[in-house]
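Let's take a friendly walk through the side chains of this protein. Have the sequence and the model open as you read.

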Amino acid sequence: MSEPSPDWPKLLSLLDHELRTPAGVVAGYLRMLLQGRSGDLTDAQRTLAEAADRSSARLAEILGELAELAKLEAAGAPLTSQTVALSELLSPLQQSVAGSDAAITIHGEIPDVDLHADVTRLRAALAALASAERRDQDETAAVAVRAWTEGRKDHLDVLVAVGSPDIIREVGPNVRATRLPFDCWRGGRGLAVLLAARVVALHDGAIWTLATRPGSSVTLVRLPETSSQAA
């Protein structure tokens with residue numbers, strides 16, 4: 001008799017719950033140390049405690065991503081969809097990529113189209129993909145976005161490319177490049193990328209790695225079909 005398949009949403013939720021309490025205790029003790037509640041720290045001790053505090057904060061982010069993934073994997077994912085202009089979805093990304101002074105540069109004009117989407121989740125997914133592109137290049141590397149449409153006049157797909165500004169300038173409606181499967185499981189990309197892939201899939205979208213030239217690629221996202229305002 002075969003073993004029953006695990007209830008992954010419940011398992012993810014349980015894992016989040018079990019880890020959150022000890023992680024919270026560790027974070028609390030670190031804050032107390034940094035506040036001098038147990039006496040003054042030496043410079044070396046403070047450096048170590050601050051590094052541990054940053055890692056603790058990252059762990060809290062991962063637990064939040066784990067809880068969100070559990071919600072999305074549950075039956076009837078709680079998407080809150082609304083009609084939003086593509087420009088309204090993409091423009092705030094310029095301030096949303098943590099650790100980057102320049103954040104994201106939007107290359108070219110954003111098509112005048114509407115999407116039916118969970119704005120908060122889809123914007124977070126695109127930001128996570130941009131952050132992954134930065135990590136793949138260099139933690140200080142710039143990231144750019146370019147969007148265009150493909151398909152029939154009254155039934156369009158929106159394509160959003162994310163990557164290095166030098167490569168983004170080369171992509172667009174007429175680009176001929178191989179679309180490779182997107183590897184959201186690759187080490188170093190983080191749980192946020194797996195979450196982003198799930199969010200895009202729940203919008204009936206898809207993600208590829210667009211190989212523009214040998215050794216160069218960008219992340220390409222196809223968003224839900226839309227109708228053009230300018231048609």
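What follows covers the charged pairs and then the nonpolar cores of this predicted model.

**Charged pairs**

Side chains of opposite charge can pair when their charged atoms come close. Here, a search of the whole structure turns up seven salt bridges. Three of them are set out below.

| Acidic residue | Basic residue | Closest N to O distance |
|---|---|---|
| Asp16 | Arg20 | 2.6 Å |
| Glu68 | Arg121 | 2.3 Å |
| Glu150 | Arg179 | 3.6 Å |

Start with Asp16 and Arg20, which form a salt bridge. Both residues belong to helix H1 (residues 8-34), where they sit four residues apart, about one turn of the helix. How buried or exposed is each partner? Asp16 has a relative accessible area of 10%, so it counts as buried, being under the 20% cut-off. Arg20, at 37%, is partly exposed because that value falls between 20% and 50%.

Next come Glu68 and Arg121, joined by a salt bridge at 2.3 Å. This pair links distant parts of the chain, with Glu68 in helix H2 (residues 43-73) and Arg121 in helix H4 (residues 119-137), 53 residues apart. Both Glu68 and Arg121 are buried.

Glu150 and Arg179 also meet in a salt bridge, at 3.6 Å. Again the pair connects distant parts of the chain: Glu150 lies in strand S4 (residues 143-152) and Arg179 in strand S6 (residues 178-181), 29 residues apart. Glu150 is partly exposed, with a relative accessible area of 27%, and Arg179 is partly exposed too, at 38%. Elsewhere, Arg58, Glu61 and Glu65 are joined into one network by salt bridges that share partners.

Arg179 has a further role to look at: it lies over the face of Trp208, 4.9 Å from the ring centre. As for rings pairing with one another, the structure holds zero aromatic pairs.

**Nonpolar cores**

In soluble globular proteins, nonpolar side chains tend to be buried together. In this model, the largest nonpolar core has 45 residues, and those with the most contacts inside it are Leu86, Leu89, Leu90, Leu115, Val160, Val221 and Leu223. Helix H4 supplies the largest share of this core, nine residues.

What does Leu223 touch, leaving aside its neighbours within four places in sequence? Its contacts are Leu86, Leu89, Leu115, Leu122, Asp157, Val158 and Val160. A second, separate core has ten residues, among them Ala144, Ile167, Ile168 and Leu220.

Terms used: Residues are numbered from 1 along each chain as its sequence is written. This is a predicted model: local features need pLDDT of at least 70, side-chain atom pairs count only at pLDDT 80 or more; totals for chains, interfaces and linings use all residues. Side-chain values use heavy atoms; hydrogens and water are left out. Rings of Phe, Tyr and Trp (its six-membered ring) pair if their centres lie within 6.5 Å; planes under 30 degrees apart count as stacked, over 60 as edge-to-face and the rest as tilted. A charge sits over a ring if NZ of Lys or CZ of Arg is within 6 Å of the ring centre and within 35 degrees of the ring normal. A salt bridge is a side-chain nitrogen of Lys or Arg within 4 Å of a carboxyl oxygen of Asp or Glu. Helices (H or I, at least four residues) and strands (E, at least two) are DSSP runs, numbered from the N terminus. Buried means under 20% relative accessible area, exposed over 50%, partly exposed in between (1.4 Å probe, protein chains only). A nonpolar core is a set of buried Ala, Val, Leu, Ile, Met, Phe, Trp, Tyr and Cys residues joined through side-chain atoms within 4.5 Å. Contact means heavy atoms within 4.5 Å.
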